[in-house]
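Hello,

Here is the structure I said I would pass on. Please open it first, then read my notes underneath.

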Amino acid sequence: MRKYLLPKEGEFYKANLHMHTTISDGVLTPQEVKRLYVNEGYSIVAFSDHEVMVPHNYLTDDNFLAMTATEISINQYWGFDFEFQKTYHFNLLSGDPDKDYYRAFNKKNMWLGHSFDYISDNQEKHSFVKEYQIDNINEVIKISNEENLLVTYNHPVWSLQDYSDYIDLKGLWGVEWFNNGCVQGGFIDSIKPMEDLLRVGENVFPIACDDAHYQATCFGGFVMVKAKKLKYDDVFNALKEGDFYSSTKPLIEELFIEDGVITIKCSPVTRIMLTTERRYTQDVIGSNITEASFDLSNYIRRSTKNECKNPYVRLTLIDEDGNEAYTRAYHLYELR
Ligand SMILES: [Zn+2]
Ligand SMILES: [Zn+2]
């Protein structure tokens with residue numbers, strides 16, 4: 001029987017889940033962001049201005065969905081020599097389009113004067129002391145999850161963070177492997193932090209985004225979410241369940257498993273690679289590859305024999321220009 005790993009029903013919608021506007025340190029207004037992204041074929045933008053959760057539902061129409069989000073920062077030291085400090089940046093993506101606050105908020109962490117104008121009355125009621133310390137950080141993630149906020153760990157490289165900073169994070173939803181703003185600034189992320197977290201049992205999803213503050217950093221990384229309709233609940237739930245992939249260009253058309261064989265159909269690429277949590281991989285290399293199938297029976301047998309705790313497979317696509325796309329990890333219990 002065929003099981004679809006990206007849903008058969010519904011449509012793919014192109015999304016940028018990390019964006020700044022004039023509400024924080026971006027130069028584009030929310031309206032300009034919508035116009036630019038719609039012209040470029042996007043259906044979804046999550047407005048994730050720094051520190052303030054501001055809904056933009058007035059922008060939503062039949063062809064465009066504005067998602068409610070914010071990006072929060074937790075710095076090593078507040079208030080001085082920021083360029084020399086490590087920092088955690090997390091995106092909080094709201095399940096409720098009207099949400100205008102989050103519990104991990106603290107006015108003292110606001111670092112842009114004009115953003116104060118966007119603090120809602122609901123937000124004023126919350127004050128949480130954020131510290132650069134793992135238990136405190138995990139508390140931020142936990143209370144965010146309790147509020148139905150999907151938490152993404154943003155741009156580890158730009159944040160000057162390494163394995164020791166992220167490996168104990170619990171309850172993340174996404175990890176950025178591509179952030180267009182950071183790439184253009186010379187801070188190039190990779191899939192490694194996501195992979196490391198998967199290996200310790202955190203079920204994190206791969207995120208590519210723009211983190212654009214102005215037009216030149218738009219249209220680099222995106223996710224393609226497969227949802228029934230371009231409605232907030234449908235899209236949010238599809239994201240939450242992992243019904244998406246992320247990319248800087250290659251497109252996936254179909255992904256399914258049938259009789260232990262995983263099949264992917266895609267736009268022309270030069271390599272399709274199946275990766276597992278062990279040093280067991282399979283790949284297809286060539287020109288204009290638009291389909292590949294991988295028999296998982298050997299991997300399933302060997303991961304059972306080796307008593308792997310958390311076996312999974314995931315797929316990577318690379319095109320002739322080096323653009324990449326990543327599926328999420330599919331755990332073997334989902335594939336049986
Ligand atoms: Zn950031
Ligand atoms: Zn950002």
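Start with strand β8. All five of the five residues in β8 are buried, so this strand is largely enclosed by the rest of the structure. Keep in mind that the model is predicted.

Which residues cover the two faces of β8? Phe205, Ile207 and Cys209 lie on one side. Pro206 and Ala208 lie on the other. Every one of these is buried, so both faces count as covered, given that a residue is buried if 20 or more other C-beta atoms lie within 10 Å of its own.

Next, look at the partner of β8. Strand β7 covers residues 174–179. β7 and β8 run parallel and pair over five bridges. One bridge is easy to find: Val175 is matched with Pro206 in β8.

Now zoom out to the domains. The assignment gives domain 1 as 7–247 and domain 2 as 252–335. Their C-alpha centres are 27 Å apart.

How many residues of each domain are in contact with the other? The count is 11 residues from domain 1 and nine residues from domain 2. On the domain 1 side, three elements give two or more residues each: α6 (192–199), β8 (205–209) and β10 (244–247). So β8 turns up again here, on the side that touches domain 2. The largest share of that side comes from β10, with three residues. By class, the domain 1 side holds six nonpolar, four polar and one charged residues.

Have a look at β8 in the viewer, then follow it to the domain 2 contacts.

Best wishes

Note on methods. Residues numbered from 1 in each chain as written. Chains lettered and ligands numbered in written order. Predicted model: local features only at pLDDT ≥ 70, side-chain atom pairs only at ≥ 80, totals over all residues. Domains from an automatic or database assignment. Contact = placed C-beta atoms within 7 Å. Helix = DSSP H or I, 4+ residues; strand = E, 2+ residues; numbered from the N terminus. Nonpolar A, V, L, I, M, F, W, Y, C, P; charged D, E, K, R; others polar. Buried ≥ 20, exposed ≤ 12 C-beta atoms within 10 Å, placed from the backbone. Pairing = 2+ DSSP bridges.
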